[in-house]
Amino acid sequence: MSQTQPVVLVTDPISAKTQQLTLQYIDPQAKVVFSNGDQAVLAEYLPQAQVLITSTKGISPEMLQAAGECRYI
């Protein structure tokens with residue numbers, strides 16, 4: 001059984017500098033997606049994200065319901 005690349009989804013808009021800092025602390029084998037609040041990106045990656053990162057907006061009940069693979073917020 002092959003493992004898929006873990007997906008970490010950053011749900012809020014954050015600066016480029018903060019994005020660079022974020023990448024320093026996340027396993028380089030993970031796929032990190034910065035949605036910048038883009039609803040299309042959220043819709044695409046919420047169902048497969050194992051980790052959700054939020055800074056100020058939080059995770060709505062609808063987002064959590066869509067994030068079926070989420071293990072950590």
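Modeller: Which residues make up the largest nonpolar core?

Biologist: General idea first: a nonpolar core is a set of buried Ala, Val, Leu, Ile, Met, Phe, Trp, Tyr and Cys residues joined through side-chain atoms within 4.5 Å. Buried means under 20% relative accessible area, exposed is over 50%, and partly exposed lies in between, with a 1.4 Å probe and protein chains only. Here the largest core has eleven residues: Val 7, Leu 9, Val 33, Leu 42, Tyr 45, Leu 46, Ala 49, Leu 52, Met 63, Ala 67 and Cys 70. Strand S1 and helix H2 are the elements that give two or more residues to this core. There's also a second, separate core of seven residues, with Val 8, Val 10, Ile 14 and Val 32 among them.

Modeller: And what should I keep in mind about the model itself?

Biologist: This is a predicted model, so local features need pLDDT of at least 70 and side-chain atom pairs count only at pLDDT 80 or more, while totals for chains, interfaces and linings use all residues. Residues are numbered from 1 along each chain as its sequence is written, and side-chain values use heavy atoms, leaving out hydrogens and water.

Modeller: In what order do the three strands sit in the open sheet?

Biologist: Strands (E, at least two residues) and helices (H or I, at least four) are DSSP runs numbered from the N terminus, and two strands pair if DSSP finds at least two bridges between them. In this case the order is S2-S1-S3, with parallel pairing. S2 (31–34) and S3 (51–53) are the edge strands, each pairing on one side only. From one strand to the next the twist averages 20 degrees; axes are lines fitted to C-alpha atoms (for helices, over the stretch in contact), and angles run from 0 to 180 degrees between N-to-C directions.

Modeller: How many bridges join S1 to S2?

Biologist: Four, and the two strands run parallel. Val 8 has Val 32 as its bridge partner in S2, and Val 7 stands opposite Lys 31. On the S3 side, three bridges hold the parallel pair with S1 (residues 7–10). There, Leu 9 is partnered by Leu 52, and Val 10 stands opposite Ile 53.

Modeller: Which S1 residues cover which face?

Biologist: In a regular strand the side chains alternate between the two faces of the sheet. In S1, Val 7 and Leu 9 are on one side, Val 8 and Val 10 on the other, and all are buried. Follow Leu 9 and, leaving aside neighbours within four places in sequence, you find contacts (heavy atoms within 4.5 Å) to residues including Val 33, Leu 42, Tyr 45 and Ile 53.

Modeller: Which elements make the right-handed β-α-β unit?

Biologist: A crossover is right-handed if, with the strands pointing away from the viewer, the path from the first strand over the helix to the second runs clockwise. S1, helix H1 (residues 16–25) and S2 do just that. Ile 26 sits in the loop between H1 and S2, and counts as buried because its relative accessibility is 17%. Ile 26 and Val 8 are 18 residues apart in sequence, with 8.6 Å between their C-alpha atoms. Not counting residues up to four places away in sequence, Ile 26 touches Val 8, Val 32 and Ile 53.

Modeller: Is Ser 35 buried or exposed?

Biologist: Buried, because its relative accessibility is 2%. Ser 35 lies in the loop between S2 and H2, and its side chain reaches the backbone oxygen of Val 10 at 3.0 Å. A polar contact is a pair of N or O atoms within 3.5 Å; within protein, one must be able to donate a hydrogen and the other to accept it, and residues adjacent in sequence count only if both atoms are side-chain atoms.

Modeller: What about the phi of Asn 36?

Biologist: Most residues other than glycine have a negative phi. Asn 36 isn't a glycine, yet has a positive phi of about 50 degrees. Asn 36 is in the loop between S2 and H2 (39–45), and counts as partly exposed because its relative accessibility is 41%.
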